[in-house]
Amino acid sequence: MRIHVFIIGIALMSLSCFGLGATETSETVFVLKNKNMSLSPYTGMTREHWKEAALYLLEGAFSYVKSPEDPLDFPKQPGKSYPRTPSQEPVARLEALCRTMFLAGPLLKEDPELRVNGILLGDYYRRQLELMLQPGTPVYVPMNPPKKNGGQRLVELGGLALSFMMAPEIFWNPLSQEVKDSLAVRMLSYGEGGTYECNWRFFNVNIMSFFLSQGYHTDKAYLEELLQILLAAYRGDGWYHDNPLFDYYSMWAFQMYGSLWSEKFGKKYYPDYARQFMEHFREIPENYPYMFARDGKMIMWGRSITYRMGASVPLALTGLLEDPDINYGWMRRIASSTILQFLQHPDFLEDRIPTLGFYGAFEPAIQGYSCRGSVFWMGKLFLALYLPANNPFWNAVENEGAWTDFEKDRVYCKYAEDAHILVTDYPNIGASELRSTTSHSSSNYHCVENYNRLSYNSEFPWQADGKNGEVAMSYVVKNKEGKWEPLRNYSFKKYEDGFYCREAWLESDEAVYFQLAELPLPDGILRIDKVSSPSPVEVRMGHYALPEKQGKIRESVIRLDGKETYVIDNGVYRLGMTTWEGWKQMEFVHAEGLHPDSRNSVVIDASDRCEGEKVYITLQLWSKSGSKYDDAWNPVSKICFDKSRKQFEVVLKDGNVKRLKW
């Protein structure tokens, strides 16, 4: 990866189990007490606070359990999530069981007699493992037919196998031989079965690897085949391609499973594969931290975003490397911040369980494969608690990493050449931003806002499209059916002279074609886009949206260097948009229920009717609310088109010239 710089009231119970008391809760949020500002000057969080956060989540989950016989059965969130039929209920319970083990395992390893809401946690999980084998029980797992894809049960049993690897003395060793043998037969029917051609292969790998380590016969040829395919998905700079898209599965699946599999199994049984996984993992600290904001916030991007803080697990697991060249203070600052980003948000919990959404419940971000227990995939971050207390990840002093070297009024870009991912950091507001490509997927993941925005920013979570053409950080076109259709297919063209260039087309009519180019600037983005359509089409494009945070959002129309600029301000941030060329009009668009952080929001949209070929030049600006703004907010002096060279020249006020040729 090259780096480019351009100038321009729920009370928490059972704390006595740990002898803790450093944390308390209000009715809806996790609150830290006795912060350690010497070790963690930005978050105050230490390893003890992480343990308390894990326990806090388990307390909510186990508020539904009265005895070791009870399943983890949570209220269904209205909407597309499952279970939608009674036959899906045992699978939903299995998700809750196996995913909460990510939280429980490290705590039980330090305190095997831990009780949560009066339940002996270790006994509970071991009893539930027995019940998995008994027909008619709420968590019964049937045998998987030979070579069949085991579906969601495969996912959960793959996670269970990881917990067996990480804490065998808690979850595996105490079981009777009869139960062990039965689990081996049952789980291997899934592990040796079919799988999807993506990160799911790790679930098969985990199952086969664990039982191979315990002396059971497994299909070694199939295991090696899957390992080779997983390694071949690597695209450099820390990124794996999770067919058909890039997203956080590269991190909370490929990198997490690859590193832990290598540590717990691979180095002994398959050292060459383990070496390759760890070589890929070593590229994480040089690249991935830049994708988080200065204050550690993560970007809302990709499917399964309801797993939230789980995205930072590779940063925490860099402690496995114990490399003095890694800035562990920065790694922990980010990981701890992502915990607080969500646990301290008032909408995070409902019914004492994390909602399906981003901050609170947010239906547009949810996939139908998620149930209420799915959220505990975020527990993967707490697998870092398996790192001992003397690990450098826990003992380095928190710091802001590269942000301390970034200069104001500059923009910093990291480009992953093979993954075609551009990560941009903006020191003026402390934001991180991401641009990527998409491709058609049979599951239609590329069709939704999780992937089809022009860019994704840590400070401005994506807003869903509205039926009336409301759009934020994307284009929509009124298609032949009279519906507003977003761009869904983005193909990479080049990254040159600061411009990130893609082509896109309307999925329902490929004759409607876009050439997209965007230049990150210190306080925003300059877009120079060309739209081609053989027949007239209505086109709309929006800035990022602002949620209502401190009363009504203020709207104004100003002039920057004589150009009309629409401005919105929510008391936290100010956004402005100037149309340099092409657009017929701009407007303030009010939305309800489309933003993940507020019921009400506002976005600035531009619109036009396009026929033939037309160029649209748009300047999208931002700043902190309350900061002074005048003509200096506009960094562009002039934009010219050189007909002889068929290229645009962008002259910036600082004297720099940027050139774009499609």
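These exercises, each with a worked solution, walk through a predicted model.

**Exercise 1. Helices α2 and α4**

Task: Work out how α2 and α4 are arranged, and which residues join them.

Solution:
- Start with the ranges. Helix α2 covers residues 89-110, and helix α4 covers residues 152-166.
- Next, take the geometry. The two axes come within 9 Å and cross at roughly 15 degrees.
- Apply the cut-off. Angles under 35 degrees count as roughly parallel.
- Therefore α2 and α4 are roughly parallel to each other.
- Add the hand. The crossing of α2 past α4 is left-handed.
- Now list the contacts. From α2 come P90, V91, L94, E95, C98, R99, M101, F102 and K109. They meet Q152, R153, V155, E156, G159, L160, L162, S163 and M166 of α4.
- Finally, sort by class. The α2 contact with α4 holds ten nonpolar, three polar and five charged residues.

**Exercise 2. Helices α4 and α7**

Task: Classify the packing of α4 against α7 and describe the contact.

Solution:
- Find the partner. Helix α7 runs over residues 201-213.
- Read the geometry. The axes of α4 and α7 lie 8 Å apart, at an angle of about 45 degrees.
- Draw the conclusion. This angle makes α4 oblique to α7.
- Check the hand. α4 passes α7 in a left-handed crossing.
- Identify the residues. L154, V155, L157, G158, A161, L162, F164 and M165 belong to α4. Opposite them in α7 are F203, N204, N206, I207, S209 and F210.
- Sort by class. Ten residues of this α4–α7 contact are nonpolar, four are polar and none is charged.

**Exercise 3. Helices α8 and α10**

Task: Repeat the analysis for α8 and α10.

Solution:
- Locate the helices. α8 spans 220-232, and α10 spans residues 271-281.
- Read the geometry. Their axes come within 11 Å and cross at roughly 25 degrees.
- Conclude. That angle makes α8 roughly parallel to α10.
- Add the hand, which is left-handed for α8 and α10.
- List the contacts. E224, L227, Q228, L230 and L231 come from α8, while Y273, Q276, F277 and H280 come from α10.
- Sort by class. The contact of α8 with α10 has five nonpolar, three polar and one charged residues.

**Exercise 4. Pocket and cavity**

Task: Describe the largest pocket and the largest cavity.

Solution:
- Begin with the largest pocket. Its volume is about 450 Å³.
- Look at its lining. There are 26 lining residues, and Y196, C198, W200, R303 and Y445 are the closest to the centre.
- Link the pocket to the helices. α2 and α4 each supply at least two residues of its lining.
- Sort the pocket lining. It has 13 nonpolar, eight polar and five charged residues.
- Turn to the largest cavity. Its volume is about 60 Å³.
- Look at the cavity lining. Of its 13 residues, W301, S436, T437, Y451 and Y456 lie nearest the centre.
- Sort the cavity lining. Six residues are nonpolar, four polar and three charged.

**Exercise 5. Backbone details in loops**

Task: Place the cis peptide bonds at P83 and P244, and the positive phi of D409.

Solution:
- Take P83. A cis peptide bond joins Y82 to P83, with omega about 10 degrees. P83 sits in the loop between α1 (47-61) and α2.
- Take P244. The bond from N243 to P244 is cis, with omega near 15 degrees. P244 sits in the loop between α8 and α9 (249-269).
- Take D409. This residue is not a glycine, yet its phi is positive, about 65 degrees. D409 lies in the loop between α14 (392-395) and β8 (410-416).

Definitions and conventions:
Residues numbered from 1 in each chain as written. Predicted model: local features only at pLDDT ≥ 70, side-chain atom pairs only at ≥ 80, totals over all residues. Heavy atoms only, no water. Axes fitted to C-alpha atoms, helices over the stretch in contact; angles between N-to-C directions. Helix = DSSP H or I, 4+ residues; strand = E, 2+ residues; numbered from the N terminus. Parallel < 35°, antiparallel > 145°, perpendicular 65-115°, else oblique. Left-handed = near helix turned anticlockwise from the far one by under 90°. Contact = heavy atoms within 4.5 Å. Nonpolar A, V, L, I, M, F, W, Y, C, P; charged D, E, K, R; others polar. 1 Å grid on protein atoms, 1.4 Å probe; cavity = no way out; pocket = protein on both sides within 12 Å on 5 of 7 lines; lining within 4 Å. Points joined across faces, edges and corners; volume = space filled by probe spheres on them.
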